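Visitor: Could you walk me through this one, and tell me how each label is earned?
Guide: Happy to; let's put it on the screen.

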2 protein chains.
Amino acid sequence: MSAKFYSKENLQFLLHEVFHVEELCQLEHFKDHTIESFDMMLEAAASLGANHLRPILVEMDRTPPHIENARIKVHPKMRELMKKFGEDGWISMSAPHEFGGQQVPFTILQAVSFIFGAANYSPTAYAFLTTGAAHLIEAFGSKELQEAYIPKMFTGEWQGTMALSEPQAGSSLGDVVTTATLTDKGHYLLKGQKVFISCGDSDAVDNVVHLMLARIEGAPAGTKGISLFVVPRMRPDENGELVFNDVNTAGVFHKMGYHGAPIAHLMMGEKDDCRGFLLGEPHKGLSYMFQMMNEARIGVGTNATSIASAAYYNALEYTKVRAQGRKLTEKDASKPQTLIINHADVKRMLLFQKSVVEGSLSLCLQACKYYDLSKTAPEAEREDNFLKLELLTPMAKSYPAEMSIQTTSAALQCFGGYGFTKEFLAELFFRETRIHTLHEGTTAIHGMDLLGRKVMMQNGKATMLLMQEVMQDIEEAKKYNLLKSYAAVTSNKLVQLQEVSMHLMTVAQTIGPEAYLSDATLYLELFGIITVAWQWLKQGIAVEKLKAANTKDYSAEFLQSKIYALQYFFEYEVPKTEGLITRLKSSNHVTIEAKPEEIL
Amino acid sequence: MSAKFYSKENLQFLLHEVFHVEELCQLEHFKDHTIESFDMMLEAAASLGANHLRPILVEMDRTPPHIENARIKVHPKMRELMKKFGEDGWISMSAPHEFGGQQVPFTILQAVSFIFGAANYSPTAYAFLTTGAAHLIEAFGSKELQEAYIPKMFTGEWQGTMALSEPQAGSSLGDVVTTATLTDKGHYLLKGQKVFISCGDSDAVDNVVHLMLARIEGAPAGTKGISLFVVPRMRPDENGELVFNDVNTAGVFHKMGYHGAPIAHLMMGEKDDCRGFLLGEPHKGLSYMFQMMNEARIGVGTNATSIASAAYYNALEYTKVRAQGRKLTEKDASKPQTLIINHADVKRMLLFQKSVVEGSLSLCLQACKYYDLSKTAPEAEREDNFLKLELLTPMAKSYPAEMSIQTTSAALQCFGGYGFTKEFLAELFFRETRIHTLHEGTTAIHGMDLLGRKVMMQNGKATMLLMQEVMQDIEEAKKYNLLKSYAAVTSNKLVQLQEVSMHLMTVAQTIGPEAYLSDATLYLELFGIITVAWQWLKQGIAVEKLKAANTKDYSAEFLQSKIYALQYFFEYEVPKTEGLITRLKSSNHVTIEAKPEEIL
């Protein structure tokens with residue numbers, strides 16, 4: 001079966017040559033690490049991926065989670081894996097030393113997540129949801145809560161979750177109605193239901209710790225009345241014994257893919273004995289959650305990219321062994337057939353995937369670097385990095401998520417009719433990645449977040465900061481013959497993006513906010529393509545530097561391959577901005593004007 | 001569950017107001033029919049779809065075909081259905097009276113197939129593959145063969161198939177190696193294997209009749225040495241008893257969707273007793289097959305559209321009952337949530353689907369009308385219609401096939417996280433339609449067919465004829481205020497298309513055929529969008545005429561809904577041509593230059 005699911009050489013290239021992660025090791029927070037220790041971690045991640053995750057990918061797909069005696073049963077190997085994720089330190093790798101973590105940059109955590117996800121996406125959810133949940137307790141929990149929950153989460157014995165959605169409150173979290181009633185013992189009693197809780201219940205762990213949004217009785221309506229609680233499935237009693245905390249599993253969602261991870265429907269407080277422990281202050285739950293949101297959203301971008309990577313290498317391998325048809329210049333039908341990678345359209349589909357996968361990964365790592373710097377750089381630099389992170393996050397989440405639908409589809413297409421069958425993995429990746437435009441905010445939500453909030457926040461400061469950085473890279477790219485014209489194109493696209501933004505401001509003023517935001521999804525798409533073009537310029541600069549330095553660290557084929565992918569992106573992907581710009585500047589507002597009863 | 005899977009009003013509108021099917025009834029071949037009899041047929045089809053096909057859609061998906069004792073078992077209802085397809089005359093509806101058919105236009109057959117497919121795609125494969133296979137025997141079979149096979153096929157007791165692909169010969173049919181050896185009894189003995197044979201074996205029928213490509217011993221290599229045979233699974237002996245014809249079922253393909261229909265792997269002649277009966281002359285098999293190809297390819301376009309239609313109405317219904325979030329102008333979080341159809345981005349996703357679904361259906365029916373006229377119009381008109389059919393077929397097949405992947409994805413997106421679950425049908429349609437860019441020629445094959453063969457055939461006569469017709473419609477559209485600007489856009493796009501074609505001719509001459517055809521898939525996409533823009537102009541003209549005539553036949557909402565979809569298409573879809581044109585005119589040929597070993 002397909003051995004390669006990601007390119008080690010490319011990941012090295014991005015981390016070392018484009019993002020210079022060694023710079024992070026000079027920061028106080030990461031001073032115990034070196035570039036070598038990062039490389040060893042990534043090596044270990046690759047080995048775990050190849051030896052433990054990939055071998056059960058198909059099995060997991062064929063045996064989705066199911067309910068047995070009101071509990072969710074998952075793939076039997078998952079308990080072993082979760083233990084391994086814990087014992088080998090993957091769950092706690094980014095946590096501070098004080099909580100027993102290894103204090104590794106978020107950038108490296110995401111690189112690991114990328115490798116794992118490319119091997120087999122579902123198991124990563126168990127591990128990194130636990131990391132994220134623990135992170136909330138680290139940030140906002142009392143010492144008591146931290147001691148009671150974090151250690152068992154980091155060993156992989158207990159699962160962590162983010163419990164936000166309810167049947168009536170998915171995209172609209174302000175409508176959460178799960179209630180929390182304060183008792184005289186200091187804890188709250190929770191009552192309500194939650195849906196779409198990833199890893200919300202499973203027999204892979206001994207306990208599940210939900211980081212749950214709920215509304216304290218009497219709280220204001222909307223997002224300003226939501227609090228964050230630790231709500232375990234089993235709570236430790238005074239003696240440390242686990243007793244059932246009245247969190248019942250009402251069901252498991254049957255899904256199109258991503259079968260290795262269970263998505264639960266939970267009922268809290270059916271017997272009025274579901275205890276929750278407040279994190280931080282009342283009514284600030286959503287803002288706490290949002291402090292973790294950039295992580296989770298970049299995580300989705302990385303995961304989408306990882307599946308797209310797996311699909312790409314799977315297809316690439318096939319096109320190099322499958323013979324079909326002949327070159328157009330070969331008229332002799334008695335000659336043997338040619339490998340399909342020799343057909344221009346197959347190369348087109350491969351370069352499409354490669355340019356999007358490697359562009360997406362670069363984009364996600366860019367966001368990661370901002371994240372790390374926003375947390376650990378010298379104080380004076382943090383705010384700027386945070387602003388750039390905030391602005392870039394909608395693209396880092398949605399560009400990979402949306403494009404992975406298309407690239408996994410192209411990968412499937414490379415297999416011809418076989419791509420539709422379960423004899424190959426292509427269809428699995430196509431099903432699997434479809435979740436990513438939906439969870440952690442749908443694409444529309446991110447479009448609104450970008451255009452409605454982030455582009456203009458602090459009088460456009462984030463936009464200005466990011467554009468300055470892009471312009472610097474454009475200037476550098478102009479020094480290289482190979483990149484000159486593409487640098488000019490990118491520069492031109494920045495101008496056009498600004499024109500679009502200005503046009504939309506006028507729409508906001510003359511027509512109103514609805515019309516302003518009506519094509520926010522397309523604006524996000526446009527912004528996404530431009531940011532990935534920027535990432536390709538950065539990669540191009542790194543390639544040119546390596547070539548000038550006569551590098552032995554990367555093969556000539558690798559560097560040439562990068563140039564092809566870069567060319568492909570500018571020749572085939574960047575032109576897609578033209579139609580988007582035309583649309584975004586149009587004065588027609590059919591999606592506003594059309595009345596629901598007139599859409600038949 | 002979702003009741004509506006297609007719009008009866010829209011189908012009527014297209015057949016009556018845009019394509020004037022009543023004109024067909026004036027032709028000798030269709031003189032027994034009236035517009036009323038067509039409407040009755042469509043009514044009956046809708047009833048069969050709603051009462052017999054849709055109710056088992058989910059069941060069929062959950063119980064895919066499987067092998068039992070070296071035979072394929074399918075959904076138990078399928079036998080009953082196949083009988084119904086036969087007894088009610090659906091299989092034979094388009095066949096000539098002399099074979100017991102009803103001699104219905106192909107346009108109506110496709111309208112019926114659209115309705116059935118929107119209800120439940122898989123069962124239609126059994127019925128209409130049988131129609132297509134019988135059609136080959138009608139056209140090229142001896143009287144003896146016709147009498148032996150066609151009647152049982154038309155009753156639905158026997159299944160018909162098209163048996164083309166082999167493991168080494170999918171897209172490249174010239175590489176078929178199944179052999180046929182003439183015996184002194186007049187029949188041939190076949191030996192070889194076939195893959196991807198839709199309905200190639202099932203317990204829904206008593207027998208399967210394969211229309212099979214094979215190579216007579218000593219035949220020339222390539223496509224010029226392929227012959228067409230009738231190869232039944234069971235052959236009638238001298239007494240009319242069925243005896244096993246040595247066609248073994250080697251396996252069934254497990255697929256991502258389209259589970260109701262089995263796709264078989266067949267082995268012929270393992271005991272050297274597989275008899276085949278030659279159709280027509282030796283070595284002309286592929287050309288016979290190709291005479292049926294336009295039908296099959298339009299059929300794929302229609303089927304893709306039907307699934308997209310089902311997904312659209314399913315999503316539309318949901319957006320009108322699901323409340324989530326509030327209008328941007330509503331700041332009071334205590335107010336009830338709004339229906340999601342009130343969000344501009346949801347309307348955008350709906351209008352995207354509607355404009356593509358109704359544009360695709362119109363495109364398919366346009367091809368159908370050319371088909372009917374090419375066969376049954378007064379002799380002098382046939383050739384021109386045939387040429388236009390030939391040219392339009394790649395778009396009629398591939399535009400709906402490619403776009404249905406995107407529209408079913410948009411439908412799924414309308415459901416938010418629920419779209420990824422099996423509680424709703426959205427994910428099923430998304431899986432189901434993915435077959436259509438693969439079978440009956442991949443999209444790349446159609447791109448090459450269009451650019452490499454059809455655009456220039458007979459010195460571009462087909463192109464000229466089609467463009468003339470489009471120009472006439474543009475001129476008419478210019479008379480209406482609503483359409484004026486869109487008519488001008490379409491006219492402009494025709495000019496740009498021509499410029500692209502001219503540019504590519506230069507590439508062909510200066511660089512060579514590979515570079516000429518390297519972006520044929522994108523050329524097909526461009527041509528597709530332009531032909532659908534034309535179809536929207538035609539629909540716009542019909543709407544304006546109905547409005548001017550103060551029609552009572554169509555509701556005001558329906559006509560307004562058409563105008564919104566038309567606007568959407570021109571505002572959001574047509575601009576996509578800009579990027580395609582830029583790319584197609586570029587002088588960069590990275591997909592030709594990139595060497596396989598440099599794609600990593």
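**Labels and their reasons**

Guide: α9(B) and α17(B) are roughly perpendicular to each other, with helices taken as DSSP runs (H or I, at least four residues; strands are E, at least two), numbered from the N terminus.

Visitor: Why are α9(B) and α17(B) called roughly perpendicular?
Guide: Their axes are 9 Å apart and the packing angle is about 100°. The axes are lines fitted to C-alpha atoms, for helices over the stretch in contact, and angles run from 0 to 180 degrees between N-to-C directions. Under 35 degrees counts as roughly parallel, over 145 as roughly antiparallel, 65 to 115 as roughly perpendicular and the rest as oblique. So α9(B) and α17(B) earn the perpendicular label.

Visitor: Which residues make that contact?
Guide: From α9(B), B:L351, B:F352, B:K354, B:S355, B:E358 and B:G359; from α17(B), B:Y564, B:A565, B:Y568, B:F569, B:Y572 and B:E573. Being in contact takes C-beta atoms, placed from the backbone, within 7 Å. By class there are 7 nonpolar, 2 polar and 3 charged residues in the contact of α9(B) with α17(B). Nonpolar covers Ala, Val, Leu, Ile, Met, Phe, Trp, Tyr, Cys and Pro, charged covers Asp, Glu, Lys and Arg, and the others, Gly among them, are polar.

Visitor: What makes α1(B) and α16(B) roughly perpendicular to each other?
Guide: The axes of α1 (residues 8-18) of chain B and α16(B) cross at roughly 85° and come within 10 Å, so this pair is also roughly perpendicular. B:F13, B:E17 and B:V18 of α1(B) meet B:K538, B:Q539, B:A542 and B:L546 of α16(B). That contact has 4 nonpolar, 1 polar and 2 charged residues.

Visitor: How far should I trust what I'm looking at?
Guide: It's a predicted model, where local features need pLDDT of at least 70, side-chain atom pairs count only at pLDDT 80 or more, and totals for chains, interfaces and linings use all residues. Residues are numbered from 1 along each chain as its sequence is written, while chains are lettered from A and ligands numbered from 1 in the order in which they are written. pLDDT is the predictor's confidence in each residue, from 0 to 100; chain A has a mean of 97, with 100% of its residues at 70 or more. ipTM is 0.98 and pTM is 0.98.

Visitor: How do you know that the relation is a two-fold axis?
Guide: A turn of 180° and a shift of 0.0 Å along the axis lay chain B on chain A with an RMSD of 0.0 Å. That is why the relation is that of a two-fold axis. The superposition is by least squares on the C-alpha atoms of residues with pLDDT of at least 70 in both copies. The same surface serves both copies, as 100% of the contact residues of chain B recur in chain A.

Visitor: How many residues does each chain bring to the contact?
Guide: 82 residues come from chain B and 82 residues from chain A. On the side of chain B that touches chain A, α17(B) gives the most, with 9 residues. That side divides into 30 nonpolar, 33 polar and 19 charged residues.

Terms used. Two residues are in contact if their C-beta atoms, placed from the backbone, lie within 7 Å.
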